[in-house]
Amino acid sequence: MKRSDEFYIGYQKEVGPGTKKLLKRFIWITVLILLTGAAVFGFFQRPAVNSTFDFGNPTQVSGVYHESPYPMLRVPLAENEFKEIVLLGFGKSGPNPFLKDLRERKGDLNGKQLTIEGQLIYYNGRTLLEIDDSQKVMVSGTGAYEQPKSMGTRTLEGEIIDPKCYFGVMKPGYGKIHRSCAALCILGGVPPVLVTKEENNREVYFLLTDVKGNPIHQDILPYIGQPSRLTGQVKELGEWRIMQIDVSQIEKLKKESSIY
Amino acid sequence: MGLDYKWVFWNTHKKAYDRLIVSGMVIYLVLFFTISFLTNPEIIAETVIIRAFGSLAIIMLHIILAIGPLTRLNTKFLPVLYNRRHLGVSMFLAALIHGIFAIIHFHALGNVNPIYSLFTSNMDYGSLTNFPFQVLGFFALLILFVMASTSHDFFLHNLSAKTWKRLHMMVYLAYALVILHVFLGAFQQETSVFTTATLFLGWLTLVSLHLVAAFKESKVDRFVAEKNTEGWHKVCPPEEIEESRAKIFTVKGERVAIFKYDGKLSAIHNVCKHQGGPLGEGKIVDGCVTCPWHGYQYLPHNGQSPPPFTEKVKTYALKIEKGMVYINPKAFPEGTAIPPISSS
């Protein structure tokens, strides 16, 4: 059987009919592969949560500053009703670089009434405020703030996340893909937070400190973004909880994170 | 064929080819964005960009890797091979957008250099499931960058076809790194059976195509010729070779193409000097052996490209005894003129 005499030369215009037919088929199959690929990879993504980052839309917030254990602002909402807002810095950093000038001028800021213009991050009843300019932090007096209330010792399973991304800046802001970013945020001064789920499937958030209640950053990096079991003293501060842990006692769990 | 270097020697087919590449990429991205924002309204643009360009690059890489074996199985696929380098560069650009956005998104604005962070922000190098998958993607992107930036005849000529080919065979290493990057990264968290199955199917298709093509080609290499007393290899009767075409035989570990044209037979080395294309799968056009890959041409009797071109391949002596073609396995230096023998 004599083979087809068609021979394709790229720099010549002619293309044989058999080659043309096959090429058309190849193009349609390729288009079909692209459409199927876009449908499969586009459709089967985990749904993102309705967390919010008010990027480019600054808000002025006033409240009493305290560091128990991380920089926070106790903001009055109504009579005897307050919200504890966690303060953060620009990018993957905590608020301290943006409070440095003020501390140098005013000394200890604990108990000072601050007015801060920043960008709000909020999800599931928790609010955080990103400060991107130290000039937008002002002292306007003094005020009272609450000390955390003890709730006893507990052992909990969950995932350690950085609250800046988890509560709105990134979606998803948890898990293996986001682990590097969470490590950088926490290393930069963002407080580490344990996310767990209660029996009613409600998420609970614990700001993590060392056993003495001091902030932890570097030491907790190997445990971020993976299912873990933590034991420690639990305290309550407004809508947040605080857990004082011994980092070396964190147990990594070989299972899928329950917060997904 | 060209004597000087230009960014691109445009022709009708290359323009049509590039239009199809751009259209295909746009169709994919538009559909991915539309589906993502319609079915997942809370998702953010950065995440969709990273995922859209990453998945597009993987699909394009599969298509690119399928082209080689497809052309070996059916030469009518050769037009797809002709401008494959543009497809490769386009795929690299998609992968680059994925990589740049991922590095900015996950590693920038911290208190360490983003590239340093990529290697150090997850130190679980000893674990499989917790392995820092970003590093795999980074090295894959680096290989694709080297390949894309040398996808030009300037590098092909200056590096030599052999070195250039070896360099570009690293695409298989890049593919392995990409697959590991996805399975140890995205698929650890986005655990849909459909996405995993899609990529597995792609891998399986590529492996099957390569195996079938390799089996087909191995038939040529398995051929063992009878030798006469002078050491010449007996290959076939001249009637087995079609007019203006060739048959390929392996002699002394080298593939040689024996061409029949105008009642004559000539033998030259099977490997084109341009990109290593199989000359024996080419055709005699305007009196020249024409490579099926990019149309490089050689005169069959001396293995030289027609002036003013300068490429040369080795030539071989042929003779006919008792109705059979014999080839002397000892090659002549590149470009040596050997008088053709009569095919009758």
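This is a chat about how two domains of chain A meet in a predicted model.

Student: Which domains does the assignment give for chain A?
Tutor: The domain assignment has domain 1 at 52–142 and domain 2 at 149–252. Keep in mind that this is a predicted model.

Student: How far apart are the C-alpha centres of those two?
Tutor: The C-alpha centres of domain 1 and domain 2 of chain A lie 20 Å apart.

Student: And how many residues are in contact?
Tutor: On the domain 1 side there are 28 residues, in contact with 29 residues of domain 2.

Student: OK, what area do they bury between them?
Tutor: About 2,200 Å², with 66% of it on carbon and sulfur atoms. From domain 1, A:Tyr70, A:Lys92 and A:Arg126 supply 36% of the area that this domain buries against domain 2, more than any other three residues.

Student: Switching to polar stuff, how many salt bridges are there between the domains?
Tutor: The count is 2 salt bridges between domain 1 and domain 2 of chain A. There are also 10 residue pairs in polar contact between the two domains, both residues at pLDDT 80 or more.

Student: Which strands of domain 1 each supply at least two residues to the side touching domain 2?
Tutor: In chain A, that's β1 (52–53), β4 (81–89), β5 (112–123) and β6 (126–131). β4(A) gives the most to that side, with 6 residues.

Student: What's the mix by class on that side of domain 1?
Tutor: The side of domain 1 that touches domain 2 has 13 nonpolar, 10 polar and 5 charged residues.

Student: Back to side chains, what do A:Lys164 and A:Glu130 do?
Tutor: Their side chains meet in a salt bridge, at 2.6 Å from N to O.

How values were computed:
Residues are numbered from 1 along each chain as its sequence is written. Chains are lettered from A and ligands numbered from 1 in the order in which they are written. This is a predicted model: local features need pLDDT of at least 70, side-chain atom pairs count only at pLDDT 80 or more; totals for chains, interfaces and linings use all residues. Side-chain values use heavy atoms; hydrogens and water are left out. Domain bounds come from an automatic or database domain assignment. Contact means heavy atoms within 4.5 Å. Buried area is the accessible area (1.4 Å probe) that two parts lose on being put together, summed over both. A salt bridge is a side-chain nitrogen of Lys or Arg within 4 Å of a carboxyl oxygen of Asp or Glu. A polar contact is a pair of N or O atoms within 3.5 Å; within protein, one must be able to donate a hydrogen and the other to accept it, and residues adjacent in sequence count only if both atoms are side-chain atoms. Helices (H or I, at least four residues) and strands (E, at least two) are DSSP runs, numbered from the N terminus. Ala, Val, Leu, Ile, Met, Phe, Trp, Tyr, Cys and Pro count as nonpolar, Asp, Glu, Lys and Arg as charged, and the others, Gly among them, as polar.
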